[in-house]
Amino acid sequence: MNILIPHSWLGEYLSSKARAKDIQKYLSLSGPSVERLNTVKLASGKKDYVYDIEVSTNRVDMMSIEGIAREATTILNRAGYTARMIKKNWPALKQHPQRNLALPEIIYETEGVRRVMAVVLSDISQQNSPQYIQDRLQAVAINVHDAVVDISNYVTHELGHPCHVFDYDKIMQMGGKIIIKEAKPGKKFITLDEEVHHTVGGEIVFENSAGEIIDLPAVKGTLNTGIDQNTKNILFWIESLDAHKVRYASMAQAIRTTAAQLNEKNVDPYLAEKVLRYAVYLFEKIAKAKVASPVYDYFPDQKSGNKIIVNSQLIKDYLGIDLPKKEITAILRDLDCQVTLTKDKQADKDRQVDQFVILAPTYRADLEIPADIIEEIARIYGYHNLPSQLMAGQLPSEHPQQKFFQVESRIKNFLSHLAWQEIYSYSLVSDKEALMSGYSLASHLKLSNPLKEENVYLRRSILPSLISIMHNNPQNHDWQLFEIARTYQPQKNALPKQDSYLAMLSRRNFRQVKGDLELLLKQFFILEKKVVELVVEEIMTKNHSIYQQSAKLIIKKPQERLVLGHLHLFEDGLAGIEIKLNNLLKVVNFYPHYQKSNQYAQIIEQLTFTLKKPVAVGDFINTLIKSHKDIKDFTLVNVYQDNYTFAIIYQDNNKNLSTEDVEPIRQQVVSLAKKKFQAQLVGKI
Amino acid sequence: MSAYQKLVTQGQDLFEQFLQEINQQNAQELAVKYLGKKGLFNQLAAQIKILTKEEKKDFGRELNQLKNKLESKLADYQKQDFASQVHQDLTMPGIQTKVGHLHPVSQAIEEISRIFEKIGFVRMSYPEVDWDYYVFAALNMPTNHPARDEWETFFVDQKAHPSLGKMVLTTHTSNGQVREMERVKGQLPIRMMNISRCYRRQSDNTHTQMFHQFEGLVIDKDINIQHLKGTIDYFAKEFFGPKTKSRIRPFHFKFTEPSFEVDFSCHICRGTGYIKDEHHHKINCRFCKSGWHEVGGAGMVHPNVLKAGGFDSNKYRGFAFGWGVERSYTLKQDLNIDDIRLFYSGNQEFLEQF
């Protein structure tokens, strides 16, 4: 919540020589944050400084001129300035001897009322507010109306407790009863700004005896009892309701007025008296009003402020320094707390720990536990006055996810160096992108309150997002994208599986993409010739799928198969890969198995085979490379129509191979190729 | 001289002969003459049959070494050959290999992780889609509490968990706090860092529906406010430069007490709050609030949160802090990004500048 405080208005409560700039600085350091100090030129031609102050939700007591002044006084005094709080007093209400109007009958049918104060004022003279009120309202960005409305806004801003003005005669004409109750659902009411609403049920409302809603208390007035230009008599009204109930009504009706935002945060009901006196004083002075009834005051549950006991050792533990008792007491007293110093009887007798027994003022309902008190001491002492140091002590010995982050970082760096652009895209996708994953909409998690149509589903696959980005950037013909992010797989009665995936999408040929993946696997020393290999198993794609072809990417070891992820070819020539990082993690290494160099001569030759369709060159190579121990490598070097040329390296670990030694191996290769793959050698051996 | 020695000598002679013959013009030709299929070395190798098994092995090795030496000599000459032919214009522009780019968010995350790892923080991750309990309730924010308004929460259209509540997208990284306390099961110290995607229902030039936060949580005996200040100062200087100042101011979060807002000094107006416009008039700095940037929140872990995580708040204390990765990154001096939606635009022109 932000509040605007004109410097001149603040001066009615704060007496100090501190300049606006200093007030801004020290309030920000020890109290509410003064986000801006603006200079405002008013309609009257005057200039004023206006503080734009952010007040945290637990400090509704500072949502007023008086509240800020109180805070500023305490803070400035400790920042080396002399500051004094000016107490303003208004006369007690006296009924006008010639006026006597009956108060409406108020009936309580709910326990959610903490206080009601009301009084009838007659002989209202409708006119404009005096210039100083208009100026100040303008400075704090509140619209200027007529004097009656302006006064209630003005007093609310100055003292921080909302109040309301009813047209007294309308209330009386509607039966003269105010029944305070929780609404039944579906009841219609029209607010002051002529908006039609219906209750959802459970909001605290005022009804007349006929069951019509005549106010949405603590949130907004209704048209049927609001003042207009013919209003002669008013019922000035201050209510304090259960904060949860106020919030409920305000949220349910989506009416977020200043009144609601204050009332839902437990405004101190003890403020009501002051508000009543001040407002009536202004009504009398400006609108020539006369007090026409006794003051009504219903205050069933008068609570004193909270009592909190704080051990001095705890203060030291939080602050890391030992503040003198005198200083602690002085700070708390400056904050209107009553403080008594005793000894903690439960503590060690030799150490005689002091304890502070604190009674907080009623407007500080936020002070509940010792940590709250310590916060007050520390901030007023000044966080900026506390030393700053890093903690000593032991370090955690476990790093359960270190490997994951290490691998993730390496992948990102490696791929970006290989000309892949890293992307961060939204995890929330459109229905179209959701369907592109191959999963139905029903097998996606969906937001119940999305902000935009294109961000509704939690994605099952990252590739559709990358495809969209690729399409949005058509100019680059060899762009390649990758992203590491989670996908979200729904599970029954549980959180979704949220596994991290690496997705890669490229406009280049799929062999280049696969090649980069192989290089990546080599970075982690996963592939080992003839022992650990990357195998591709094609899977049938459904007709409706956007994939033209799909395959599983498998890491195959002698005794083990691990599905790493998938390779997809899309209709528009894009090639994509999606790898489950947790699976990759199972096979990564951070160093190789060093192989001693083989001194014996290699014999290298090329053989060309004609392979029949459908061809699986990968399987062909994987089979033949393993067909003899002396075949060290078997690589594809050229493809011409159906003819595939391979470079074969023969090498023995214990001797130099002769041409005669190679002869039978070659024979074996050729016959195995024919037998298993119907591959025909081109030429003769 | 044994047959073996004879062959070895012949090999060495061949190499010597090659050295005599080689010049800058004939490297290609000699390669065929010595190393070709019917080259002199293969002819010599053909005589291997006359050797014993043991000698064959040694001779093979010897011959390989000579061939290797010869190959490298050839390569040297070929290089010189090339160099001698053309005078190179050394002012020609370099030819650059195409590279990709790490996303700026990744760059920021790597930097932040490194900074905190140096002081013993352990990086962890937790669910991005989590139960209300971990995101709010366990953090001292019961259902319908007004404090929740500040977190514009996305809800997942799923049945609520009987005890953990609704399924939500994490609005902050603080869901990791109680999860981490549960994970360590009383084993201290905790120095946890959680950097993760977060989601809030808002979108403008300083807010995106998805963004990243990083969170730090320290729990141990004898932890006090000074340590929180120390950690924040340390980060500010490491991340923004040694002249950066940081400060903590009072604020309110339900899950910390005391709570702070963390500010870093503005590098654009040098912490003054004013800059000069084109007419040299003093105007408010557009980038900060009176000389300071609010980057995030921090505080001493609330006793109720410690309790929810199974720790006795009388014995242990802790502090936590959390703020936006993008926000922190855009405060880097002279980076000049004023619209954080760019990070998630997938715009090539933007991305390739990083």
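Domain bounds here come from an automatic or database domain assignment. The model to which they apply is predicted.

**Exercise 1. Domains of the two chains**

Determine into which domains chain A is divided, and what distance separates the centres of domain 1 and domain 5 of chain A. Then treat chain B: which domains does it have, and what distance separates their centres?

*Solution.*
Step 1. Chain A is divided into domain 1 (2-85), domain 2 (105-298), domain 3 (307-384), domain 4 (402-587) and domain 5 (603-681).
Step 2. Taken over C-alpha atoms, the centres of domain 1 and domain 5 of chain A are separated by 86 Å.
Step 3. For chain B the assignment gives domain 1 (3-85) and domain 2 (104-351). The centres of these domains of chain B, again over C-alpha atoms, are 68 Å apart.

**Exercise 2. The contact between the chains**

State how many residues each chain brings to the contact, which helix of chain A gives the most to it, and how the residues on the side of chain A divide by class.

*Solution.*
Step 1. Chain A supplies 83 residues and chain B supplies 74 residues.
Step 2. On the side of chain A that touches chain B, helix H13 (residues 402-417) gives the most, with seven residues.
Step 3. The residues on that side of chain A comprise 35 nonpolar, 33 polar and 15 charged.

**Exercise 3. An open sheet in chain A**

Give the strand order of the five-stranded open sheet of chain A, identify the strands at its edges, and describe the pairing of E12 with E13.

*Solution.*
Step 1. The order is E6-E9-E12-E13-E14 (chain A), and the pairing is mixed.
Step 2. Strand E6 (105-108) and strand E14 (220-221) of chain A each have a single partner strand, so one side of each is left without a neighbour in the sheet. These two strands therefore stand at the edges.
Step 3. Strand E12 (residues 204-207) and strand E13 (residues 213-216) of chain A run antiparallel and are joined by two bridges. Within this pairing, Phe206(A) stands opposite Asp215(A) in E13(A).

**Exercise 4. Helix packing and Ala287(A)**

Describe how H5(A) and H9(A) pack, then decide whether Ala287(A) is buried or exposed.

*Solution.*
Step 1. Helix H5 (residues 147-159) of chain A packs with H9(A) at an angle of about 145 degrees, the axes being 10 Å apart. The crossing of H5(A) and H9(A) is right-handed.
Step 2. Residues making this contact include Ala147(A), Ile151(A) and Val155(A) of H5(A), together with Tyr278(A), Leu282(A) and Ile286(A) of H9(A). By class, the contact of H5(A) with H9(A) has ten nonpolar, one polar and one charged residues.
Step 3. Ala287(A) lies in the loop between helix H9 (272-286) and strand E16 (290-291) of chain A.
Step 4. A residue is buried if 20 or more other C-beta atoms lie within 10 Å of its own. Ala287(A) has 21 such atoms within 10 Å and is therefore buried.
Step 5. Not counting residues up to four places away in sequence, Ala287(A) touches Ile124(A), Ser125(A), Gln127(A), Ala147(A) and Val148(A).

**Exercise 5. Strand E10 of chain B**

Explain why strand E10 of chain B is described as largely enclosed, and name the strands joined to it.

*Solution.*
Step 1. Strand E10 (residues 292-301) of chain B has nine of its ten residues buried, so it is largely enclosed by the rest of the structure.
Step 2. Strand E7 (residues 256-265) of chain B runs antiparallel to E10(B), with eight bridges joining them. Here Val262(B) stands opposite Gly296(B) in E10(B).
Step 3. Five bridges connect E10(B) to strand E11 (residues 317-324) of chain B, also in an antiparallel arrangement. Met300(B) has Phe319(B) in E11(B) as its bridge partner.

**Exercise 6. Backbone geometry**

Locate the cis peptide bonds at Pro189(B) and Pro258(B), and assess the setting of Asn493(A) and His280(B).

*Solution.*
Step 1. Most residues other than glycine have a negative phi, and most peptide bonds are trans.
Step 2. Leu188(B) and Pro189(B) are joined by a cis peptide bond with omega of about 5 degrees. Pro189(B) occurs in the loop between helix H7 (175-184) and strand E4 (190-199) of chain B.
Step 3. The bond joining Glu257(B) and Pro258(B) is cis, with omega of about -5 degrees. Pro258(B) is placed in strand E7 of chain B.
Step 4. Asn493(A), not a glycine, has a positive phi of about 50 degrees. Its loop runs between strand E26 (489-491) and strand E27 (494-497) of chain A. Asn493(A) counts as exposed because it has 8 C-beta neighbours inside 10 Å.
Step 5. His280(B), not a glycine, has a positive phi of about 65 degrees. His280(B) belongs to the loop between strand E8 (274-276) and strand E9 (282-284) of chain B, and is exposed, with 6 other C-beta atoms within 10 Å.

Notes
Residues are numbered from 1 along each chain as its sequence is written. Chains are lettered from A and ligands numbered from 1 in the order in which they are written. This is a predicted model: local features need pLDDT of at least 70, side-chain atom pairs count only at pLDDT 80 or more; totals for chains, interfaces and linings use all residues. Two strands pair if DSSP finds at least two bridges between them. Helices (H or I, at least four residues) and strands (E, at least two) are DSSP runs, numbered from the N terminus. Two residues are in contact if their C-beta atoms, placed from the backbone, lie within 7 Å. Ala, Val, Leu, Ile, Met, Phe, Trp, Tyr, Cys and Pro count as nonpolar, Asp, Glu, Lys and Arg as charged, and the others, Gly among them, as polar. A residue is buried if 20 or more other C-beta atoms lie within 10 Å of its own, exposed if 12 or fewer, and partly exposed in between; C-beta atoms are placed from the backbone. Axes are lines fitted to C-alpha atoms, for helices over the stretch in contact, and angles run from 0 to 180 degrees between N-to-C directions. A crossing is left-handed if the near helix is turned anticlockwise from the far one by less than a right angle, and right-handed if clockwise.
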